[in-house]
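Got your viewer open? Let's take a walk through this one together, a selection at a time.

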Amino acid sequence: LVPPVLLVMRGGNALQAEFFYRMAELLEILGDNRFRIRAYRRAAITIDNFPEEIAGLVADGRDPSSLPAIGEDLARKIREICDTGRLKALETLEANAAPDLVALTKTPGLGPKRIAVLREQLGVESVEDLARAASEGRVRALPGEVELQGDRLFDALGLQQVNDGLRGPARGGRGQPGRCEAGKRLGECGR
């Protein structure tokens, strides 16, 4: 069994930063406090750009709170990641967020802000909800930055739009890895 600190060291600062980027992303989708979200993002950037390995800094007994944008709470989380290779706060957040909602974050063109607006305005909680809202034209009706081009959205979902309805995988979807994932979930693929 490899000690967690070695796993974190192998992944480098990018792995450490990913925990904090992910926290910020999920908190934003769930509509958490913007200052808290910003703190996680700034911590992730600090860790990602730090010239030496954060895990090495912790292993040497140095305090991560001495880094810019890292307070005591985030320093504790850094030590937890180094000690265990996990972040309980992130695991709790992921467990409380619907798995389908987490899957939405992997849809190209959808960032945390767009997902938050789609949830708030249209009640979108899953890829299926998004596909349904898009096929009904409700996504296009959203004002401002959230407006998505229908074709681009359907392409990202691996579906094609036909007369404002859904039909199977996008052209060639069956033979293209990843292009048909939403279609499989909707029962439209794999025939």
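Where is the place of Arg 22? Select Arg 22 and you'll land in helix H1. Keep in mind as you go that this is a predicted model.

**Stop one: around Arg 22**

Is Arg 22 buried or exposed? With a relative accessibility of 12%, Arg 22 counts as buried, because the cut-off for that is under 20%. Now show the side chain of Glu 25: the side chain of Arg 22 makes a polar contact with it, at 2.4 Å. Next, add Leu 90, Glu 94, Val 102, Thr 105 and Lys 106 to your selection. Arg 22 is in contact with these five once you leave aside its neighbours within four places in sequence.

**Stop two: a pair of rings**

How many aromatic pairs does a search of the whole structure find? Just one. To see it, pick Phe 20 and Tyr 40: their rings are stacked, 6.0 Å from centre to centre, with 25° between the planes. Phe 20 sits in helix H1 (residues 4–29) and Tyr 40 in helix H2, so the pair ties together parts that are 20 residues apart in sequence. Check the accessibility of both partners, too. Phe 20 is at 0% relative accessibility and counts as buried, and Tyr 40, at 3%, also counts as buried.

**Stop three: along helix H2**

Tyr 40 has brought you to H2, so select residues 34–49. This helix has 16 residues and reaches 22 Å from its first C-alpha to its last, close to the 22 Å expected at 1.5 Å a residue. Colour the buried residues of H2 if you like: besides Tyr 40, they are Ile 37, Ala 43, Ala 44, Thr 46 and Ile 47. Then look at the N-terminal end of H2, where Asn 33 acts as a cap. A side-chain oxygen of Asn 33 lies 2.6 Å from the backbone nitrogen of Phe 35.

**Stop four: zoom out**

Switch to a cartoon view of the protein chain, which has ten helices and two strands. Start at the N terminus and follow the elements: α-α-α-α-α-α-α-α-α-β-β-α. Of the 191 residues in the chain, 40% are buried. As for the outside, the accessible surface comes to about 10,400 Å², and 50% of that belongs to carbon and sulfur atoms.

**Last stop: colour by confidence**

The chain averages a pLDDT of 75, and 69% of the residues score at least 70. Finish by selecting residues 160–191, where pLDDT stays under 50. For that stretch the model has 58 contacts beyond four places in sequence.

Note on methods:
Residues are numbered from 1 along each chain as its sequence is written. This is a predicted model: local features need pLDDT of at least 70, side-chain atom pairs count only at pLDDT 80 or more; totals for chains, interfaces and linings use all residues. Side-chain values use heavy atoms; hydrogens and water are left out. pLDDT is the predictor's confidence in each residue, from 0 to 100. Contact means heavy atoms within 4.5 Å. Helices (H or I, at least four residues) and strands (E, at least two) are DSSP runs, numbered from the N terminus. The expected span of a helix is 1.5 Å times one less than its number of residues. Buried means under 20% relative accessible area, exposed over 50%, partly exposed in between (1.4 Å probe, protein chains only). A polar contact is a pair of N or O atoms within 3.5 Å; within protein, one must be able to donate a hydrogen and the other to accept it, and residues adjacent in sequence count only if both atoms are side-chain atoms. Accessible areas come from the Shrake-Rupley method with a 1.4 Å probe; for residues, only the protein chains shown count as cover. Rings of Phe, Tyr and Trp (its six-membered ring) pair if their centres lie within 6.5 Å; planes under 30 degrees apart count as stacked, over 60 as edge-to-face and the rest as tilted.
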